[in-house]
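User: I am new to this structure and would like to go through its empty spaces and its interior. Could you show it to me?
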Amino acid sequence: MSRQVVRSSKFRHVFGQPAKADQCYEDVRVSQTTWDSGFCAVNPKFMALICEASGGGAFLVLPLGKTGRVDKNAPLVCGHTAPVLDIAWCPHNDNVIASGSEDCTVMVWEIPDGGLVLPMREPVVTLEGHTKRVGILAWHPTAQNVLLSAGCDNVILVWDVGTGAAVLTLGPTVHPDTIYSVDWSRDGGLICTSCRDKFVRIIEPRKGTIVAAKSRPHDGTRPVHVVFVSEGKILTTGFNRMSERQVALWDTKNLEEPLSLLELDTSSGVLLPFFDPDTNIVYLCGKGDSCIRYFEITSEVPFLHYLAMFSSKDSQRGMGYMPKRGLEVNKCEIARFYKLHERKCEPIAMTVPRKSDLFQEDLYPPTAGPDPALTAEEWLSGRDAGPLLISLKDGYVSPKSRELRVNRGLDSVRKRATPEASGTCSSDTVSRLEEEMKNLKATVQELQKRMDRLEETVQDK
């Protein structure tokens with residue numbers, strides 16, 4: 001009689017633990033907008049979520065420890081004129097957050113330590129370049145002040161936030177239809193995208209070249225999401241022809257057949273994948289679901305191993321994912337999610353059961369720290385570098401707030417030059433330029449008369 005051997009893994013018994021009521025954020029008005037983003041972003045200092053707002057778009061930012069009931073008059077970040085669709089914290093500055101909106105703009109904000117006292121309406125910089133709503137934001141993992149945005153105009157723009165300029169453009173020739181998801185590789189040398197044309201693409205953004213592409217990674221018509229995982233692999237989530245949800249693992253060097261393909265259930269919610277490179281665990285959170293599934297990725301067949309599932313009675317409107325440096329290592333916490341309910345944000349800790357209170361080095365290898373490995377100029381010149389790693393053995397202490405320096409002179413020159421360069425001056429701009437030209441001509445004529453009078457005076461003497 002054969003005996004089934006259970007695979008050995010230190011993450012086989014990972015369990016999810018919801019926070020107590022006093023550790024949740026109560027009475028928040030989560031956005032009702034229909035969009036496949038997490039609607040929540042967290043870092044070791046702040047929790048931010050997209051909320052309902054009248055007369056435009058807004059999101060709420062709270063210090064991480066300010067839990068409990070949120071005042072209905074709490075100050076918001078409210079500079080957009082249309083609903084906010086995505087938000088993302090800068091990985092190299094815990095006080096800087098970017099927001100993309102239906103008003104076709106990306107705004108970058110600097111949140112003061114301690115949170116907001118008054119509503120914030122003026123961003124540090126406004127990035128204008130999309131012609132339709134902006135629904136996807138992703139900061140470069142290792143280069144300073146490099147931000148990617150994707151809009152419903154089928155265009156991906158890569159910005160140097162330090163100058164406010166779009167330094168790279170991937171136009172509709174790369175993505176002929178709506179872009180569903182974008183993810184950076186660990187060193188930021190490549191991006192992977194999924195598109196409504198049923199293609200998953202791996203792109204070198206600085207050259208604008210498609211390194212590899214796969215048609216119909218899932219046979220269904222619903223949106224596909226894709227993320228980079230370890231050892232040159234990508235993971236996709238989608239649907240088959242029977243509308244069953246699937247997750248698949250692919251080798252980027254050979255996209256003909258998946259390394260592993262698992263069917264999950266028949267729910268209609270799009271699965272949002274979150275990958276932890278330190279533990280090689282991927283978490284799948286479906287919008288409208290009431291569960292979080294997690295899988296371990298290994299280098300041996302079948303490559304993708306189901307671990308367990310966290311379930312609760314309430315469905316999730318969105319989900320935020322805490323970076324590793326924001327976790328409680330003394331409690332063997334390997335991940336933390338911030339689950340959005342209709343009127344609440346609930347932290348959920350993923351924990352490995354261990355009896356010892358000592359630092360568990362096998363659970364916490366050196367992880368990505370807050371310092372960038374490259375400047376924007378170095379990355380644009382062709383350099384790639386992995387993240388600068390830090391140890392969590394003695395816990396993580398957030399550094400002092402760093403000022404986001406924006407060369408406003410360059411930005412203002414760029415904005416002034418844009419209408420003339422594009423050949424689409426407005427009638428107001430033309431009138432203003434004509435008036436300035438008349439004034440200059442009058443000034444020149446007056447100077448010429450003065451010179452003539454001076455010459456006559458000199459000749460007389």
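Analyst: What follows is a short conversation about cavities, a pocket and nonpolar cores in this predicted model.

User: How many cavities of 30 Å³ or more does a search of the whole structure find?
Analyst: The search finds four of them.

User: What volume does the largest cavity have, and which residues are closest to its centre?
Analyst: Its volume is about 60 Å³. Eleven residues line the largest cavity, and H92, N93, D94, P399 and R402 are the closest to its centre.

User: And what is the lining of the largest cavity by class?
Analyst: The lining has five charged, four polar and two nonpolar residues.

User: Now the second largest cavity: what is its volume, and which residues line it?
Analyst: The second largest cavity has a volume of about 50 Å³. Its lining consists of W35, R133, G135, I136, A150, G151, C152, T178 and I179. Two strands, β12 (134-139) and β13 (146-151), are the elements that give two or more residues to this lining.

User: How do the residues of that lining divide by class?
Analyst: In the second largest cavity, five lining residues are nonpolar, three are polar and one is charged.

User: Let us turn to pockets. What is the volume of the second largest pocket, and which residues lie nearest its centre?
Analyst: This pocket has a volume of about 550 Å³. It is lined by 20 residues, and those nearest its centre are E328, K331, E333, R336 and A349.

User: Which elements give two or more residues to that lining, and which gives the most?
Analyst: The elements are β1 (15-18), β29 (333-340) and β30 (344-351). Of the elements, β30 gives the most, with four residues. By class, the lining of the second largest pocket has nine nonpolar, six polar and five charged residues.

User: Moving to the interior, which residues of the largest nonpolar core touch the most other members?
Analyst: That core has 40 residues, and M47, F59, L60, I111 and Y338 touch the most other members. At least two residues of this core come from each of β3 (40-42), β4 (46-51), β5 (57-63), β8 (84-89), β10 (105-110) and β29. The strand β4 gives the most, with six residues.

User: What does L60 touch, leaving out residues up to four places away in sequence?
Analyst: L60 touches V28, M47, A48, L49, C51, V70, A74, P75 and L76.

User: Which residues are among those of the other core?
Analyst: Another core, of 24 residues, lies apart from the largest one, and its members include I281, F310, L363 and L392.

Terms used:
Residues numbered from 1 in each chain as written. Predicted model: local features only at pLDDT ≥ 70, side-chain atom pairs only at ≥ 80, totals over all residues. Heavy atoms only, no water. 1 Å grid on protein atoms, 1.4 Å probe; cavity = no way out; pocket = protein on both sides within 12 Å on 5 of 7 lines; lining within 4 Å. Points joined across faces, edges and corners; volume = space filled by probe spheres on them. Nonpolar A, V, L, I, M, F, W, Y, C, P; charged D, E, K, R; others polar. Core = buried A, V, L, I, M, F, W, Y, C linked by side-chain atoms within 4.5 Å. Buried < 20%, exposed > 50% of the residue type's maximum accessible area, 1.4 Å probe, protein only. Contact = heavy atoms within 4.5 Å.
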